[in-house]
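Please open the structure in your viewer and keep the sequence beside it, so that each selection can be found in both places. The tour goes from one stop to the next, and at each stop there is something to select and something to look for.

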Amino acid sequence: MSGFRRSGSARGIDSLSDLLKDSLPSCYTNKPDSRQHDVFSPVSPLRPTRRGTGAPSQSGAAAKITTTTTTARSSSSSSSSSSGSVSDRVGRSTLARKSHSDEISGNSGGGIRRPGHCRSKSSGSVGFRLGDSSRSSYGGGSVSSPQVNVLPAGNIIPSGRIPPTGLTREPARKDVLGSGKGNYGHGSIIRGCVGGGGGCSRTRGDSEEWNRAGHEAFEKGNYADAIGLFDRAITAAPGIASYRINLATAMGKMGRVVEAVEACEVALRLESHCSKADHLMACLLLRLGQVQAARKHLGMPGLNPIESEMRTLEAIEMHLGRCSDARQSGDWVTTLKEACAAIASGANRSPQLLACRAECHLKLLKLEDAEGILELMEKDTPTPGCCSDDRFFGMLSKAYPSYVRAQIDLACGRFADAAATAQKAAGIDPKNAELTSFVSKVKAVTIARNRGNDLVKSNRLTEACAAYDEGLALDPLNAVLHCNRAACTYMLKKWDQCVEDCNNALRSLPNYSKALWRRAFSYLKLEKWAQAIEDFQVLKEQWPNNKEYVEGLSLAQASLKKAHKEELEEILNLEQFRAVTSSKGIFMVYFFGASTDSQGEIVSTVMDLLKCRYPAVIFLKVDVNKRSEISNAENVKTVPTVKIYKNGSSVKRVVNPTLEQLDALVRKHSNY
């Protein structure tokens, strides 16, 4: 009887297994089991549990029922779980006949667990256990439990993702719910980390190490290394404001003030009431000359600025006010003085004050100095976001450096650059009347210059002069327009007017070569040999191999000697020398050698020029080879040497003198 029941039960189980298998849709059969699946993934509701030591054993038949029934349950987890499904009906009838050790799943109340729900961890429940290979006995026989680390096919685990049997798995990482403040990539789950929005503990530890190393580099004065280390700390933990403050401090030491301000802005966004960030921001803004923004940060609640910082702020503010008033009245000397004072007071990284200095030099006809300052300015002056609305001399602070650059470009004849830069400045502050007017001026001057050049090419010189006149009416200090008009007047043989135009051009650009050589040749036409020699000598120093300049200098020198046949009076003996130099008046004595070198020839020409320029001064010369007693008495050991005597006393000795040196000495000791 017992055997009959066992046989019938076995057949019932086999038929039940076949029935369950047949009830599955065809799409779930014969699944390829080649792809691994992380059974610890939060996607899967089935988490393997370890078998308790006190779990009851099962027979092979019961194990078979468990496997088959669970397969059915997993197969139908995403489908409708209505009572009409095959697995549900069969599961209910089977479970109802089971008792105690043979029950598949149940609780003390005899309730039926619906497919797809997680099993409880009661000692009487059986679930999928990873690596369970225990043996069970039922009646008199024993069988091995099946490998249960093979997950069932179905809609819980998509097709083709069942891991191969016996494959060892990597240890699972903990999934921690974050606070929502970090950038995790997939919801608020931080993979393999412990903690919330500050990042995982290992990353936070790395950031602290980088920050500590940055502090050490900073203390040693290695600010560039400190910046790199603080950057790495920020990369590891971007949400910590103190790292940004450390980075800003190191950047300030390197003179990268604008970048430091930007780092402070981020720190204040991360921690809005950070007094250290406000204090550092105020100090950086003072270095940029942004007084109003600095005052705002120094006045933040909880921040008590020291007295020296307030004095610095007030000094910069005072000098900026005076500078603005002087510029408005056209007093460029005072404007330059106050701008330099503001820089010395602490605004030593202000691009606006640097541009102000350049503008002052431009207005004072020191264009070369203005260009030198312009080279120190960045092409695109960065402006911190917190200062974007601040004004400097009535215009937005970011527009002013571009405005000054455009003025200098225009004065140097870089018309296309001037137009582009002026348009850029006006685009930054389109409502500023000064910028709008300057853009119109640049366009009109450029048009006049282009029209004049076209007329010169057509040999319509008089009309070309009129075109340049229109441009000069708008920009009287434009050296290029003056020089272009000088070219026209030279070709029209109006030498005096050509010299005047060249003089106007050279007031702004003293080394403007085109203006120099046009004036030099005009002097030759006017037979002003001494002035021509001066210009040709300057040109020869700049371009010693220029044949045209060398020939012009030789022609001027020869013409000067021909015009003044009387040479310098030569002293013949010591008595004559003492008698002359002890007399009242100014005497310039030239000591030379018999074999005169190139430098001696230059000094000789200079003496001839000065003789023509200053007729009240007596010029003499002494040959040291013939008159050694005079050179010994005057202690002259090197030639060429020039000595100046005034009212019987020696006042100056110059070895290898230049025209500028001797000219300055004559002016100093005479009434000229």
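Select Tyr590 together with Val642, which is the bridge partner of Tyr590 in strand β10. The model you are looking at is a predicted one, and the positions described on this tour should be read with that in mind.

Now widen the selection to strand β8, residues 586–592, and to β10, and you will find that six bridges join these two strands, which run antiparallel. A little way along the pair, Met588 stands opposite Ile644 in β10, so please add both residues to the view.

**Strand β8 and its side chains**

Keep β8 selected and show its side chains. Are they buried or exposed? Ile586, Met588, Tyr590 and Phe592 point one way, Phe587, Val589 and Phe591 point the other way, and all of them are buried. This fits a general pattern, since in a regular strand the side chains alternate between the two faces of the sheet. Seven of the seven residues of β8 are buried, so the strand is largely enclosed by the rest of the structure.

On its other pairing, β8 is joined by six bridges to strand β9, residues 618–623, and these two strands run parallel. Select Tyr590 once more and add Lys621, its bridge partner in β9; then select Phe592, whose bridge partner in β9 is Asp623.

**Strand β10 and the hairpin**

Next, select strand β10, residues 641–646, where five of the six residues are buried, so that this strand too is largely enclosed by the rest of the structure. Strand β11, residues 649–655, is joined to β10 by six bridges, and the two run antiparallel. To see one position in this pairing, select Tyr645 and look for Ser650, which stands opposite Tyr645 in β11. Then move to the hairpin of β10 and β11, which has two residues between the strands, and select Asn647, which takes a positive phi near 55 degrees.

**The whole sheet and two helices**

In what order do the strands of the open sheet stand? Show the five strands together, and you can follow the order β7-β9-β8-β10-β11, with mixed pairing. At the edges stand β7 (569–570) and β11, each with a single partner strand, so one side of each is left without a neighbour in the sheet.

Add helix α23, residues 574–581, which lies across β7, β8, β9, β10 and β11 and runs at about 150 degrees to β8. Then add helix α26, residues 659–669, which lies across β8, β10 and β11 and runs at about 165 degrees to β11.

**A buried arginine**

Leave the sheet and select Arg518, which lies in helix α20, residues 513–525. Arg518 is buried yet has no salt bridge, and the nearest side chain of opposite charge, that of Asp501, is 9.4 Å away. What lies 3.0 Å from a polar atom of the side chain of Arg518? Select Cys483 and look at its backbone oxygen, which is found at that distance. Leaving aside neighbours within four places in sequence, Arg518 is in contact with Cys483, Asn484, Ala487, Tyr490, Cys498 and Cys502, and showing these residues lets you see its surroundings.

**Salt bridges**

The model has 16 salt bridges by the rule used here. Start with Arg295 and Glu317, which form a salt bridge whose closest N and O atoms are 2.6 Å apart. This pair links distant parts of the chain, with Arg295 in helix α9 (residues 291–298) and Glu317 in helix α10 (residues 307–329), 22 residues apart. Arg295 counts as partly exposed at 33% relative accessibility, and Glu317 is partly exposed as well, with a relative accessible area of 31%.

Then select Asp409 and Arg414, whose side chains meet in a salt bridge (2.9 Å, N to O). Here Asp409 is buried, with a relative accessible area of 5%, whereas Arg414 is partly exposed at 28%. As a last selection, take Arg327, Glu359 and Glu434, which are linked in a network of salt bridges.

**Zooming out**

Finally, show the protein chain as a whole, whose secondary structure comes to 26 helices and eleven strands. Buried residues make up 42% of its 672 residues.

Conventions: Residues numbered from 1 in each chain as written. Predicted model: local features only at pLDDT ≥ 70, side-chain atom pairs only at ≥ 80, totals over all residues. Heavy atoms only, no water. Buried < 20%, exposed > 50% of the residue type's maximum accessible area, 1.4 Å probe, protein only. Helix = DSSP H or I, 4+ residues; strand = E, 2+ residues; numbered from the N terminus. Pairing = 2+ DSSP bridges. Contact = heavy atoms within 4.5 Å. Axes fitted to C-alpha atoms, helices over the stretch in contact; angles between N-to-C directions. Lys, Arg positive; Asp, Glu negative; His and termini not counted. Salt bridge = Lys/Arg side-chain N within 4 Å of Asp/Glu carboxyl O. Polar contact = N/O pair within 3.5 Å; in protein donor to acceptor, adjacent residues only side chain to side chain.
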